[in-house]
Amino acid sequence: MKHRKTGARKKAGGGRLRRALPAVLLGLLVLAGWEGAVRLFGIPSFLLPGPVEIAGAFWEARALLLEHSIPTAFEAIVGFLCAAVTGVVSGFLINRSALMERALYPWLVASQAVPIIALAPVLVTWFGYGPVPKVIVVTLFCFFPITVATADGLRSIDPELIRLMRSFGATGWRVFSMVEVPGALPFLFGGFRLAVTYCVIGAVTGEWVGSSEGLGFLINADKSQFEIARLFAEIGILSFMGVGLFLLVAGLQRLVAPWTLRRNG
Amino acid sequence: MAGVRVGRGPVRAEPKLAARGIGVEKGGVRILDGVDLEVAPGEFVALIGPSGAGKSTLLGLLAGLEAPSEGVVEKDGVPLSSPGLVSYMPQSDLLLPWRSVVANVALGLEATGVSKREARERASESLERFGLDGFGGAPPWTLSGGMRSRVALLRTALLDRDVLLLDEPFGALDALTRRDLQGWILGVRDELAATIVLVTHDVDEAILLADRVVVLSERPARVALDLEVDLERPRTMEQETTEGFAALKARLLGALGVLR
């Protein structure tokens with residue numbers, strides 16, 4: 001059993017590398033084309049800097065970029081965690097009670113229709129320039145897919161399975177913890193993976209509106225100072241941050257719920 | 001305690017399981033209509049009937065999973081008000097993909113509050129008896145249909161309750177695997193000295209395994225026929241070719257409305 005497991009993992013790892021290869025090659029190709037075009041057509045760097053110049057700007061400003069990446073990452077992660085808690089709780093309530101579903105669901109949908117960018121300045125006036133309004137914006141961005149995933153995941157449990165547990169004489173708590181929670185995990189992780197891709201966008205949106213630190217703040221400043229190469233470096237960092245958080249969630253799923261990754265579960 | 005017994009003939013031993021005057025209505029549809037059934041301790045009763053007749057509904061009532069609209073279900077003369085007193089095995093094996101074979105076997109015990117460690121220990125000790133040794137750590141999706149059924153059966157049998165309710169447990173299996181598992185059922189019965197009620201749509205299976213076959217009518221179901229199977233035990237497949245077997249089968253098929 002043990003050696004089979006590691007064998008499978010090794011194979012999956014090799015497969016993943018091979019699967020990532022086309023994407024990496026395509027990325028390199030685009031970067032090369034970009035650099036070539038910038039040089040060939042002599043595009044001024046305040047319009048479009050080439051990748052080499054961006055890399056240079058990144059290296060030069062690395063301390064500053066790191067300093068401002070930390071609050072952004074913090075807001076994204078804390079906001080995501082808040083969204084995970086509120087999403088799971090509201091999804092659970094929706095699943096448990098028809099009354100709750102009828103009372104909550106329309107408002108949750110309505111909350112998604114609100115342009116959060118428009119709401120952010122209000123949050124800043126309420127909560128100041130600190131991290132709180134950003135965390136709230138991230139939570140607003142992220143909680144809905146988690147709510148839906150939790151409700152759907154709990155609904156996906158085979159009622160026969162719950163009957164079986166009751167026939168054993170299991171208490172409601174044991175049915176919940178032994179069958180419903182693990183049974184809902186495939187959906188739940190689907191929701192987490194979707195939501196985590198929003199959280200960096202949410203943090204930058206929050207910073208954009210009013211802040212004195214973070215990559216969103218820096219982007220604003222660099223835009224008005226025509227530090228276009230550094231601005232591109234910041235955008236690059238943000239996408240890496242998003243991808244990294246996504247991989248973190250995917251890794252967590254592999255760790256705590258490996259069976260959910262099987263094709264025909 | 002046993003309620004009104006007037007006119008039921010000589011007083012026999014207390015039935016292990018009894019359904020008295022059971023009526024069930026679901027969403028305005030009458031499913032069971034005055035079903036009476038008594039199962040003696042250690043008796044093996046097979047329940048057959050047209051599909052949709054309410055066999056599974058009746059079994060759910062006997063398991064205490066639902067309450068009837070009318071009538072009462074008793075175990076050992078006491079009205080059954082909650083599940084957890086008898087063992088129940090549903091149609092599909094319902095193995096949990098996040099649990100290994102041994103952990104799936106232990107599920108029933110863990111659900112009743114036995115500590116995880118003890119449940120797993122008892123589960124792994126019992127694997128061999130069911131021909132599952134060496135598969136304890138395997139995930140369920142690597143097992144064949146027959147093995148999955150054995151895991152499900154063992155999960156139920158480990159609870160060690162004196163009544164075993166089986167809802168078409170082998171419906172989805174091929175004929176040979178089925179034979180194999182029918183043998184396991186008889187083994188479990190001897191070992192636990194359990195009272196068994198088996199829902200099946202297979203008349204041959206009913207005759208081969210049961211002491212008594214109860215036929216339910218079309219919906220709303222009543223007991224159409226209650227037939228003693230007077231074939232000697234241990235039962236063998238050869239008996240299926242005897243005249244006695246054929247006569248029983250003809251009566252059952254007649255009651256089912258297949259032969260007219």
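In chain A, contacts (two residues whose C-beta atoms, placed from the backbone, lie within 7 Å) reach far along the sequence: among those between residues at least 6 apart, 75% join residues at least 24 apart. Keep in mind that this is a predicted model, where local features need pLDDT of at least 70, side-chain atom pairs count only at pLDDT 80 or more, and totals for chains, interfaces and linings use all residues. Residues are numbered from 1 along each chain as its sequence is written, while chains are lettered from A and ligands numbered from 1 in the order in which they are written.

**Chain A**

- You'll find 10 helices and zero strands here; both are DSSP runs numbered from the N terminus, with helices being H or I of at least four residues and strands being E of at least two.
- The C-alpha atoms fill a box of roughly 75 × 55 × 30 Å along the principal axes.
- Of the 265 residues in chain A, 33% are buried, meaning that 20 or more other C-beta atoms lie within 10 Å of the residue's own, with C-beta atoms placed from the backbone.

**Chain B: the four-stranded sheet**

- This one is an open sheet with strand order 2-1-4-5 and antiparallel pairing, where two strands pair if DSSP finds at least two bridges between them.
- Strand 2 (29-39) and strand 5 (78-79) of chain B each have a single partner strand, so they stand at the edges with one side lacking a neighbour in the sheet.
- Strand 1 (residues 17-26) of chain B joins strand 4 (residues 70-75) of chain B through five bridges, in the antiparallel sense.
- Across that pairing, Leu17(B) sits opposite Lys75(B) in strand 4 of chain B.
- Helix 1 (residues 55-62) of chain B lies across strands 1, 2 and 4 of chain B, at about 125 degrees to strand 1; axes are lines fitted to C-alpha atoms, for helices over the stretch in contact, and angles run from 0 to 180 degrees between N-to-C directions.

**Chain B: the six-stranded sheet**

- Here the open sheet follows the order 6-7-8-3-9-10, and its pairing is mixed.
- Strand 6 (87-89) and strand 10 (223-228) of chain B are at the edges with a single partner strand each, so one side of each has no neighbour in the sheet.
- Strand 3 (residues 44-48) of chain B pairs with strand 9 (residues 212-216) of chain B over four bridges, in the parallel sense.
- Ile48(B) faces Val215(B) in strand 9 of chain B.
- Helix 7 (residues 243-256) of chain B lies across strands 3, 9 and 10 of chain B, running at about 170 degrees to strand 10.

Definitions and conventions: Buried ≥ 20, exposed ≤ 12 C-beta atoms within 10 Å, placed from the backbone.
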